Amino acid sequence: TTSSESARLVEMKERVLQALRLWHKPASDGNPLQTLHAYQRLQQTEQLSLRSASNELLRRALDQLRLTHSEESDILQQRFIDDTTAYVVGNRFNLSEGNIFLKQNRGIHYLAELLCQQESLLASGQRAAKIARLEKPTYTQLFGSSVLSEQVRDLLLKPEPPWIVALEGLGGIGKTALADALTRTLIEEDVWDDVAWVTARQTVMNLGGALKEVERPALSVEALVENLCSQLLPELSPATGSSFDGRQRALGERLKAARHLIVIDNLETVRDVEILLATLRTWVNPSKILLTTRQRLLSEPDIAHHPLSELDQEAALQLVRFEAQTRHLPDLLAASDDELLPIYQAVGGNPLALRLTVGQLHIHSLD
């Protein structure tokens, strides 16, 4: 095993022991298993209380452990669930107290291994589910955004204000691409309990420059709630008979109870932005909101504003060459900086404008 896997196992053993000791305690005494994916799934799907969900997770793990290590599982059952002393358990197993503690520690080790394996599988599945909620990337590689990307990432990871972060800039400047890349990185790092992505985009431009209308209603508070519920609380669909107010309340409770990253793309197309922002503010802490917008929301003091600027000359020419290679334009790829510089001088550093220009070279010569 790697050093990180060993560290996770040591931490899991400590959590398991603490959770077993808390079996008969009230939920207010703590819950060392509450950050586990298995615990969160159990609580959500079966609507169990905090302590009941923790105990049920341990009970199922003990049942599974009994298939391979029945004696250790039975000892843990009697010691913690039945609340029996080591002396009494030793008499039942015809073992000394020292051997009971030895087998108890061994059982905790096996239990921790089992839960670590379970967490690894669940985390992999949940990462795939989170990634599936994102739109298909419109980029292959980002250029010139590393510094801003790190700044925004640091803000999103801090468990403190600002709770709302806005990527602001002109159309085509790369707001959605940066938000997507950041979100994918954070999903792989597994730093959020859950992630949701909502787009308000009404039109899509292809690389031929044509605009296509998207059959999607303008994003309202009601549409946002329904969209987020479909991703985060699918069990509360309208088909189940739950009311909109009930779904909105459940959504707010979930976002306040666990750390979520909610991305809202193309905020400029949202109706009643002020009303939507007021709703978002009731959902944050510990959850955070990442917005992309063409509008500068400078009148909103609790939003961290991150304007995206155009690419500088070096990054712009790197993008042009990358597009030339991707689209198999050998003449453009072989061109010198001096030959490519007029593109930057005429078009500037807007990534979409540069990509549209490269697209014209399938028809026109560089000159």
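**Cis peptide bonds, sheet and helix packing**

Pro162 is found in the loop that lies between helix 7 (146-157) and strand 1, and in this predicted model the peptide bond that joins Pro161 to Pro162 is cis, with an omega of about 5°. A cis peptide bond also leads from Asn285 to Pro286, where omega is near 15°; Pro286 belongs to the loop between helix 11 (273-281) and strand 6.

Strand 1 and strand 6 are both part of an open sheet of five strands, whose order is 2-5-6-1-7 and whose pairing is parallel. In general, the strands of a sheet pair through backbone hydrogen bonds, in either a parallel or an antiparallel manner. Strand 1 (residues 164-168) and strand 6 (residues 288-293) run parallel and are joined by five bridges, and Ala166 stands opposite Leu291 of strand 6. At the edges of the sheet are strand 2 (194-199) and strand 7 (303-307), each of which pairs on one side only. On average, and with direction ignored, neighbouring strands of the sheet are turned by 15° against each other.

Helix 8 packs on this sheet, where it touches strand 1, strand 2, strand 5 (260-265) and strand 6, and the direction of helix 8 makes about 165° with that of strand 2. Helix 8 (residues 175-189) also meets helix 6 (residues 97-132), the two axes coming within 9 Å and crossing at roughly 165°. Because angles over 145 degrees count as roughly antiparallel, helix 6 and helix 8 are described as roughly antiparallel to each other, and their crossing is right-handed. Helix 6 contributes Arg127, Lys130 and Ile131 to the contact, while helix 8 contributes Arg184, Ile187 and Glu188. Of the residues in this contact, four are charged and two are nonpolar, whereas none is polar.

Positive phi values in residues other than glycine were examined next. Asn266, which is not a glycine, has a positive phi of about 65° and is placed in the loop between strand 5 and helix 11. With a relative accessible area of 11%, Asn266 falls under the 20% limit and is therefore buried. His328, likewise a residue other than glycine, has a positive phi near 55° and is found in the loop between helix 12 (313-326) and helix 13 (330-334). The relative accessible area of His328 is 65%, so that this residue is classed as exposed.

Notes: Residues are numbered from 1 along each chain as its sequence is written. This is a predicted model: local features need pLDDT of at least 70, side-chain atom pairs count only at pLDDT 80 or more; totals for chains, interfaces and linings use all residues. Side-chain values use heavy atoms; hydrogens and water are left out. Axes are lines fitted to C-alpha atoms, for helices over the stretch in contact, and angles run from 0 to 180 degrees between N-to-C directions. Helices (H or I, at least four residues) and strands (E, at least two) are DSSP runs, numbered from the N terminus. Angles under 35 degrees count as roughly parallel, over 145 as roughly antiparallel, 65 to 115 as roughly perpendicular and the rest as oblique. A crossing is left-handed if the near helix is turned anticlockwise from the far one by less than a right angle, and right-handed if clockwise. Contact means heavy atoms within 4.5 Å. Ala, Val, Leu, Ile, Met, Phe, Trp, Tyr, Cys and Pro count as nonpolar, Asp, Glu, Lys and Arg as charged, and the others, Gly among them, as polar. Two strands pair if DSSP finds at least two bridges between them. Buried means under 20% relative accessible area, exposed over 50%, partly exposed in between (1.4 Å probe, protein chains only).
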